[in-house]
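User: Please take a close look at the interior of this model. I want the packing worked through with the numbers behind each call.

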Amino acid sequence: MIRVLFICLGNICRSPMAEAVFRNLVQQDNLSDKITVDSAGIGHWHSGEPPHKGTRDMLDKLHISYKDMKARQVHSTDWRDFDYIIAMDDQNIRDLRNINDEMSEVTIAKLMDFVKDPDNENVPDPYFTGNFDYTYELVSKGCNGLLDNIKKEKNI
Ligand code: 4NP
């Protein structure tokens, strides 16, 4: 099983959107038996909460499920339990290194690393910008690029 974990600061806006969008792509490609998807936040403030209304509204509009998704904080054991830890911005990457800087097999990267000539190297935080349309635009491109990359890398 290939295990993918999306990370953002609060785990209510960007990473749950990425989790739901990526899972939907995986299902469309009939790869659900090969790839599992989760998300977590650097902070614990929203643990147990469903995605933010802006993310829910976007996913509802797209008919993409976020059923049973609840925010949780990232944990150092995630380095062992996942193959890809995919962050939204540079600060997430710095925070992840502070939580666990051990060498491990896990690939840690930013979502926009999987987009050629990205409009933005980071996914700006819609919790502060309010722009969930732009978040989806970037997340969608990133998830498509990430899935293509995983399929090539893992020969699936
Ligand atoms: P996210 O957005 O990292 O995309 O989930 C945030 C949500 C909540 C907070 C920060 C960012 N917060 O500070 O509560």
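Analyst: **Cysteines and the buried interior**

The structure holds 0 disulfides. Keep in mind that this is a predicted model. Take Cys-8 as the test case. Its closest cysteine sulfur sits in Cys-13, at 6.9 Å, which is too far for a bond. A disulfide would need the two sulfurs within 2.5 Å. Seen from the other side, Cys-13 has Cys-8 as the closest cysteine partner, again at 6.9 Å between sulfurs. Cys-8 is buried, with a relative accessible area of 1%. Cys-13 is buried too, at 3%.

Now the nonpolar packing. The largest nonpolar core counts 38 residues. Val-4, Phe-6, Phe-22, Ile-35, Ile-86 and Leu-146 have the most contacts inside it. At least two residues of this core come from each of strand 1, helix 1 (14-28), strand 2 (35-41), helix 2 (53-61), strand 3 and helix 6 (132-154). Helix 6 gives the largest share, 8 residues.

Ile-35 shows what such a position touches. Neighbours within four places in sequence are set aside here. What remains in contact with Ile-35 is Met-1, Ile-2, Val-4, Phe-22, Val-26, Leu-147, Ile-150 and Ile-156. Another core lies apart from the largest one. It has 13 residues, including Ile-42, Ala-87, Ile-93 and Ile-108.

Next, the rings. The count comes to 2 aromatic pairs. In one of them, the ring centres of Phe-6 and Phe-22 are 5.4 Å apart. Their planes stand at 70°, so the pair is edge-to-face; the cut-off for that class is over 60 degrees. The pair ties together distant parts of the chain, with Phe-6 in strand 1 and Phe-22 in helix 1, 16 residues apart. Phe-6 is buried, at 0% relative accessibility. Phe-22 is buried as well, with a relative accessible area of 0%.

Tyr-127 and Phe-128 form an aromatic pair too. Their ring centres are 5.2 Å apart and the planes meet at 90°, so this pair is also edge-to-face. The setting is another matter. Tyr-127 is partly exposed, with a relative accessible area of 45%. Phe-128 is exposed, at 62%.

Back to helix 6, where Gly-142 is placed. Gly-142 counts as buried, at 0% relative accessibility. It touches Leu-111, Met-112, Phe-114 and Val-115, once residues up to four places away in sequence are left out. Lys-116 is 26 residues from Gly-142 in sequence, yet the two C-alpha atoms are 9.4 Å apart.

Helix 4 (residues 90-99) closes the tour. Asn-92, Ile-93, Asp-95 and Leu-96 are its buried residues. They span an arc of only 165° around the axis, which puts them on the same side of helix 4. What do the buried residues of helix 4 pack against? Their partners are strand 1 (2-8), helix 3 (78-81), strand 3 (84-87) and strand 4 (107-110). Ile-93 appears here among the buried residues and also belongs to the core of 13 residues. The N-terminal end of helix 4 is capped by Asp-89. A side-chain oxygen of Asp-89 lies 3.2 Å from the backbone nitrogen of Gln-91.

Key. Residues numbered from 1 in each chain as written. Predicted model: local features only at pLDDT ≥ 70, side-chain atom pairs only at ≥ 80, totals over all residues. Heavy atoms only, no water. Buried < 20%, exposed > 50% of the residue type's maximum accessible area, 1.4 Å probe, protein only. Helix = DSSP H or I, 4+ residues; strand = E, 2+ residues; numbered from the N terminus. Arc of directions from axis to C-beta. Contact = heavy atoms within 4.5 Å. Polar contact = N/O pair within 3.5 Å; in protein donor to acceptor, adjacent residues only side chain to side chain. Core = buried A, V, L, I, M, F, W, Y, C linked by side-chain atoms within 4.5 Å. Phe/Tyr/Trp six-rings, centres within 6.5 Å; stacked < 30°, edge-to-face > 60°.
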